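Please open the structure in the viewer and keep the selection tool at hand. The stops below indicate what to select and what will be found there.

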Amino acid sequence: MQDEILLTPWREFPVEDSDPFAPPQDEEEWDFVLVSDIHEVGSQKEIKRKKFLDELSKKGFTIKQKIEDQKLFYGLRAPRQLFHKYQQLLRNPDHSWHSPDAHQEVPVTTRIRIVNFILQNTVTPDLEKLQDLIKKKVFEASFPLHKKEEVREFLKEKWARWRSIFHHQPIEKIRCYFGEKVALYFAWLGWYTRLLGIAALAGFLTFVSGFTIFSSSQVSKEICEANTTVMCPLCDQNCPFWYLSETCTYAKVTHMIDNEATVVFAMFMAIWATVFLELWKRNRATVVTNWDLYGWDEEQEELALELINNLQHEPRQYQHSYLRSTIVLTLVLVMIVVMIGIAQALVVYRVVATALFSQSESELLREQANTVAVVTGAVLHYLTIVIMTKVNRRVALFLCDLEKPRSFSQREKKFTMKIFTFQFFTHFSSLIYVAFFLGRINGHPGNYVRIAGKWRLEECHPSGCITDLFIQMATIMLLKQTISNVMEYLIPCIAHRLRKKRQRPRQRSAVLGEEEEAEDPCKRQWLNNYQLNEVNIFSLFDEFLEMALPSPAVIQYSFTTIFVAAFPLAPLLAFLNNIFEIHLDAIKMMRLYRRMVPRKANDIGVWLHVLEAIGILAVIGNGLVIAITSDFIPLQVYKYTYSPCMAENSSGVDCSAGYINYSLSVFRTQDFEPQTRAQALPGFNSSQSRECRYRDYRNADDYSYTVQFWHIFAARLAFLILFEHVALCVKLIAAWYIPDVPQSVKNQFLVSKHSNLRKELSMMEYSTEV
C-alpha cells in the first residue's frame, strides 16, 4: 500500500543493511513509535487520535507517519529542550555517561524514559491519557525501538547466546541498553547464582553423605528385617495387613535424607541466606556508586519529569484512607483463605485418591496407593500454581488500583507486596500441611479423623513423614524448572513467528508485470519492532517472582531456604536452572520482545525486605521441619534415654538398635471401627490376627499417649527454641560482621565531600581577596 501524506517531508533510502532493526542511513533516529488501526475519516477514534497527536505537537514533538498493512505507524522524536530541562533540574545526573564524541546530549535510555513519561502523562482536551486511548482501541501499541547500535550488537553476540552461558555478564552494557533497573536485576541474579553454587555444593555433599548410609543405617536395617512385624491396614476397605519389611526401599530413601547431616545443612543455609544478602548489599553499594546513583532520589526525578511535562503541575499529595485500607485488607485475607481452601482441597484429593487407588484392580497401584496419591497431588498442586499465578496477578493489580497510590513507584511497591503474599500462600499452603500436619491430626486405628464421616485422613508413610515432603518439593521444582521454562520461551517465540507471518508486508509480483516497490528502511525497522511481543509494564516482576518458580527468583529463593532440610538438592536444582534462566531472559529481551522502557534505580527496592523476611522464615521453617517432620528428635531421645547404650556393659552396641519397635504402638484388631474391613495375610495364626502395629506413641490398653510421647514432645520444643535462637544469633552476628557498605565506598564519599568543601572554601577566599 502507498504511504499516507506525511506530517513532515520524507526521503527514501536504499536498503544497505540486512539487520531488520537497522535505522536508515543519514536519517534522524526516533525515540518512540505509536501504532494504530486505520480508522474511518471523521470517526470518534480518528478524532481522539488526532487530538492526542496535536497535544504532542504543541510540546514540540516531531511526528512522522507511515502506513503498512492496514496499520498507521507514527514515529516520535522529542525536542531537545526537554532533555536540557531535565539536566538542569537534576544537575545533569547523567554526566558520567558523556563523552566528546557523543551524538546525543543524554543517554538513549534517559531519552526513552523521559519520552515515555511525557507520552503516558499527556492529557487530551477530553481528559484522556495514552493508556485510556489504548483501552479504547484508538492506539494499539507504543514502544521504543530496538536499533542497530554498538551496545545492542555486543549484547546479542556476548550475552544473548547460549555459547556465552558461563561467561561473565556485561552489566555495564546491559545498563547502557536497558537501564539501571534491569541491570541491577541481572547483577542481583548473577550474584545470587554464584553464591547459590556454594549452597548447591553443600546440599549435594549432604545428599551424598546420606547416600553413603543408604544400606548401612541401623534404622533401615531393622525395617528391612522386620518380616514378622504386622502393620495395621492403610485404608478401610479391602486393604490387607502388611509386613513392615515391605517398605525396606522406602525406608532407605527416607533415612538417606533424614540424618544428622541434614541438621547441619539446615543451619548452614540459615547462615548462607544472611551472608548472601549482606554481600549483595556491599556489591550493590559498589555498583551504584560507580554509576553515581548512590544518593539518587526517585521522588525528586519523578517531580522533575512532571514539571517538564506540565509547568503548572501540582504534586499529588500523600493520602491515606482507613476505609480503602480496610477493604483492601479484607480482600487480601479473603484471597489467603481461598488459597488455604485450595490447599485443603488437595488434601481431600489425596485422601479420596488413596482410598480409590487402594481398591484398584492393579496390584502395583494398590501397593503404592499412598505414594501415587502424593505424586499426583503434587502435579495438581503445580497446576493450581500455574492457574492461580494469573489470578493473583489480576487481583493484585485490582487492589493496587483500589488503593489509588500516589505514584508509579508507590504502586510498584504495593503490587510487589500483594503479589508476593498471594504467590507465597499459593506455593506453600499445601507444603505447610504436608510438613507440619500430615499424619499428626489423623487420629489412630479405631478412632480415625474422617472427612464427611467416610474417608479417613491420610497418614505419613511408616518410614517417616519427611519423605512425603521430599516428594512434593521434588515434583513441583522439577515441573516448574522444565515445563514452565520451556513454555516461557516457546510461547513468546511462537507468538513472534505468528505475528511476523501474519503481518509480513506484501510484495508486488514481478510476474504480473508490476514494478517492484523499493522497501522503505524506516518502515521496515518499525514493522519488525512491532512484530515483537509486547512488554508488560510489570514484566520485571515476573523475573523476580518466577525465577524458576513459577519460573522468577524470590519464590525459588523461598524453596531453596525455607524447606531445604527436607530437600537438600533444592539449591542444586535452582543453581542449574538459574544458569539457563539468565540467558533465556537475555534471548527473550533481545530477540523476542519489544524494547523495555528503561527505568532508573539504585537498588532492588522492596524485594530486599522480602528476602530478609524469607531469611527469618527459613530459620523458623527448617527448625520446624527438623523438630516436627523429621525423625531426628525421636531418634536422639531414644538413643540417650531408652536405647541399649544406656544400660551397663553396652560397648559395641549401636545406640539406634531397637528404635523401630520403640516407635510403633500396638493396636487390638477387635477395636477396629465397623467400616474397617481388613484382609488377613496368608498364614496368619490366631495370635497374630489379634494385634497390629502402627506408628505412634500410645498405650496398648486405652490408646492414650505414653511417657515417651511427652519426652519427645518436650525435646522437639526444646530443639526448636534452641535451633531458632542459635540460628538467629548467628544471622545477627553475620549481619554485624559484614558491613553493608564497603570501606572503599565510604572513603570515596569522604574524599569527594572533602574535595568539594575545599573547592568551595577556596572560591570563597578568592572572592574575598578580590
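Begin by selecting serine 430, which lies in helix H15, residues 408–436. The model is a predicted one. Is serine 430 buried or exposed? Its relative accessibility is 2%, so serine 430 counts as buried, the cut-off for that class being under 20%. Now display the surroundings of this side chain. When neighbours within four places in sequence are set aside, serine 430 is in contact with Ala343, Leu346, Arg350, His381 and Gln472.

Next, show the whole chain. The protein chain contains 25 helices and 14 strands. Of its 770 residues, 53% count as buried. The chain exposes about 37,000 Å², and 60% of this area is supplied by carbon and sulfur atoms.

**Helix H10 and its partners**

Select residues 260–290, which form helix H10, together with residues 707–737, which form helix H24. Two packed helices are described by the angle between their axes and the distance between the axes. The axes of H10 and H24 come within 9 Å and cross at roughly 30 degrees. H10 is therefore roughly parallel to H24, as angles under 35 degrees are classed in this way. The crossing of H10 and H24 is right-handed. To see the contact, colour Val263, Ala266, Met267, Ala270, Ile271, Thr274, Val275 and Glu278 on H10. On H24, colour Phe719, Phe723, Val726, Ala727, Val730, Lys731, Ala734 and Ala735. The residues of this contact of H10 with H24 comprise 13 nonpolar, one polar and two charged.

Keep H10 selected and add helix H21, residues 607–629. How do H10 and H21 run, parallel or antiparallel? The two helices pack at an angle of about 175 degrees, with their axes 9 Å apart. H10 and H21 are therefore roughly antiparallel to each other. From H10, Val263, Ala266, Ala270, Leu277, Trp280 and Lys281 take part in the contact. From H21, the participants are Leu608, Leu611, Glu612, Val619, Asn622 and Ile626. The contact of H10 with H21 divides into nine nonpolar residues, one polar and two charged.

Then exchange H21 for helix H19, residues 553–561. H10 and H19 pack at an angle of about 145 degrees, and their axes are 10 Å apart. Here Met269, Trp272, Ala273, Phe276 and Leu277 in H10 meet Tyr557, Thr560 and Thr561 in H19. The residues of this contact of H10 with H19 are six nonpolar and two polar, with no charged residue.

**Two loop residues with positive phi**

Most residues other than glycine have a negative phi. The last two stops depart from that pattern.

Move to aspartate 292, in the loop between H10 and helix H11, residues 298–309. Although aspartate 292 is not a glycine, its phi is positive, at about 60 degrees. With 43% relative accessibility, aspartate 292 counts as partly exposed.

Finally, select lysine 137, in the loop between helix H4 (130–135) and strand S4 (141–143). Lysine 137 is likewise not a glycine, yet has a positive phi of about 65 degrees. Is lysine 137 buried or exposed? At 56% relative accessibility, lysine 137 counts as exposed, because that class begins over 50%.

Technical notes. Residues are numbered from 1 along each chain as its sequence is written. This is a predicted model: local features need pLDDT of at least 70, side-chain atom pairs count only at pLDDT 80 or more; totals for chains, interfaces and linings use all residues. Side-chain values use heavy atoms; hydrogens and water are left out. Axes are lines fitted to C-alpha atoms, for helices over the stretch in contact, and angles run from 0 to 180 degrees between N-to-C directions. Helices (H or I, at least four residues) and strands (E, at least two) are DSSP runs, numbered from the N terminus. Angles under 35 degrees count as roughly parallel, over 145 as roughly antiparallel, 65 to 115 as roughly perpendicular and the rest as oblique. A crossing is left-handed if the near helix is turned anticlockwise from the far one by less than a right angle, and right-handed if clockwise. Contact means heavy atoms within 4.5 Å. Ala, Val, Leu, Ile, Met, Phe, Trp, Tyr, Cys and Pro count as nonpolar, Asp, Glu, Lys and Arg as charged, and the others, Gly among them, as polar. Buried means under 20% relative accessible area, exposed over 50%, partly exposed in between (1.4 Å probe, protein chains only). Accessible areas come from the Shrake-Rupley method with a 1.4 Å probe; for residues, only the protein chains shown count as cover.
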